Amino acid sequence: MKTTSLLSFSYLLLIWLIVTSCGGETKNNNNISTDETVIAAGQSTFEMTCGACHNFMQAGIGPQLGGLTKEVSADWIKSFVKNPQQMIDSGDERAVMLFKKFNSYMPSFSYLSDEQIDQVVAYINTKEAPVFGGGADKGEALENPIPDTIQTSDIVVAMKEITGLPASNDKQPINRMTKMDQLPGTKRDFVVDLNGRLYEMVNGQPKLYMDMAELMPNFIKQPGLATGFGSFAFHPEFSTNGLLYTTHTEPGTKPADFAYADSIPVKLQWILTEWTTDPAAKAPFTSTRQRELFRINMVTQIHGVQDIRFNPLVKKGDPDYGLMYIGVGDGGAAENGYAFIIDNLQTAWGSIFRIDPAGTNSKNGNYGIPASNPFVSDANPNTVKEIYAKGFRNPHRLTWLQSGEMLASNVGHHSIESLYMIQPGRNYGWPYREGTFVIDPYDDMYKVFANTIGPNDPITYPVAQYDHDEGNAILGGYEYLGSDVPELKGKYVFGDIVQGWLAYINIADLKLGQQATIKKWQVSMNGKTVNFKDICDCKKVDLRLGTDSDGELYIFTKTDGKAYKLVGSKAM
């Protein structure tokens, strides 16, 4: 938890930097190229390596970079890009301030050549610092929205390393494992790598099942940290119908089913595809039929279409059986100045969809819109009737509790990480709320404010949340259903992607209108309590969770490409 004096110092320093960047004298004079070819090359490299965390309008994962070359020298920028940790550890004043402000190390880009970094600096030099309008008076911005610190429980869970997935990168992260799921009604477990590969875990070892790059010639896995082979879901009746669904990214060169005004940029598209295969066949995957359900444009490479799932609790004949839930992020629209394509029912972004893959009553005729969807009868003909719930920045992972409630973890902007209980037709607040706090997408989104709105507030708030004193990005999890770790029974298990810590919430405490208590728990190897930053020798862990067909819990660390299984527990 930050101290008041440190926050005050950081806040004043930030204000000073903003003021000096608006019309101040450049720190670089003629040291930066203005050649259009150089700038264009720098833009390409920036979008490929930097754009997932930085833009020129709003602070988010990292600081906005508009006006940066008026604040610091080109040499400083180049040194920081090459080795930010060294700059921080050396005590560089600005580097230390940024680390304390954003609570995270920027990865090193030492693999970029001096020429490439010079090109990036030339591109950054073309961008001015944003000028915010101020908006309505919302009171004082909160320096520390949630003062309480997450406490650590006495639960320590033993784990063992089971495998390492094949490297699909020649630099960190070694691979990009994002989801583990099962083929319904079987003991077959699968893991997807964003870089384009779906593996079946056979006797604890990964066996390549599906190669998206081979199957989809337009497949791309860059730019950004979250593009590529996003998710997969086997139909509940896969054993008889052979239907598999996937999401992936392609360049934005084809007409989209969900588009916005052509004055707004399209960075890429997410595509939802249905594949038909022989259900009895093992690897390698072959398809007898391929069908595109829809494609959607995205403003940037972040917050795309990630998790897709079928409700695992329902049986054939239930109204929810065979319906697919799809987490559709805002595509970075809010922090890039396009909040208006998120905040209404006539736009698809920032939503959870529910569709019937077997139906045909969508606008493109490729899937169905269930009659029980909450906005099917909306009088506005432009309403996106696929919407089940609205108001998310990045509904990163979806899951169901055994009691029937659906949960969604929402990766926050700069202040709050949230867990929501999803109910049809509800608005969960983004881009005007971050957790239980107020945010203004037309002002400085770094700021959050106390919520003074009365009982007529139409927003549904999270059932649990934490702020960026504690972590950086919520890692969606699961209700623990296994038998190896009885201490986790009755708990929703999750964590923080960047910081690599693990936590739980007692499921009995998850109630709408209340904030459940979060508690951390620890892991051990060979009888010794360990943490993932030490295990993977990294500052950014890039943690993911998965469960197998027995409900046992697995942990993946993208930085080093390792997989671990929880095998027991004890009290400290």
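Which residue forms a salt bridge with D457? In this predicted model, the partner is R433, and the closest N and O atoms of the two are 3.4 Å apart. The pair links distant parts of the chain: R433 belongs to strand β17 (residues 433-434), while D457 sits in the loop between β18 (437-438) and β19 (464-467), 24 residues apart. Both D457 and R433 are buried.

This pair is one of 22 salt bridges in the structure. Another joins R291 to E274, with the closest N and O atoms 3.0 Å apart. Here two strands are linked, since R291 is in β9 (residues 289-298) and E274 is in β8 (residues 268-276). Both R291 and E274 are buried.

K558 and D542 also meet through their side chains, at 3.9 Å from N to O. K558 lies in the loop between β26 (553-557) and β27 (562-571) and D542 in the loop between α9 (532-535) and β25 (543-547), so this salt bridge ties together parts 16 residues apart in sequence. K558 has 2% relative accessibility and therefore counts as buried. D542, at 11%, counts as buried too. Elsewhere, salt bridges with shared partners join K179, D181, D307 and R309 into one network.

D181 also appears in the lining of the second largest pocket, where D181, Q182, F310, P312 and L313 are the closest to the centre among 29 lining residues. The volume of this pocket is about 810 Å³. Its lining comprises 15 nonpolar, 9 polar and 5 charged residues. Strands β2 (177-182) and β10 (305-310) are among the elements that give two or more residues to the lining.

Note on methods:
Residues are numbered from 1 along each chain as its sequence is written. This is a predicted model: local features need pLDDT of at least 70, side-chain atom pairs count only at pLDDT 80 or more; totals for chains, interfaces and linings use all residues. Side-chain values use heavy atoms; hydrogens and water are left out. On a 1 Å grid over the protein atoms alone, a cavity is a set of points where a 1.4 Å probe fits but cannot get out, and a pocket is an open set with protein on both sides within 12 Å along at least five of seven lines; lining residues have an atom within 4 Å of a point. Grid points are joined across faces, edges and corners, and a volume is the space filled by probe spheres set on the points. Helices (H or I, at least four residues) and strands (E, at least two) are DSSP runs, numbered from the N terminus. Ala, Val, Leu, Ile, Met, Phe, Trp, Tyr, Cys and Pro count as nonpolar, Asp, Glu, Lys and Arg as charged, and the others, Gly among them, as polar. A salt bridge is a side-chain nitrogen of Lys or Arg within 4 Å of a carboxyl oxygen of Asp or Glu. Buried means under 20% relative accessible area, exposed over 50%, partly exposed in between (1.4 Å probe, protein chains only).
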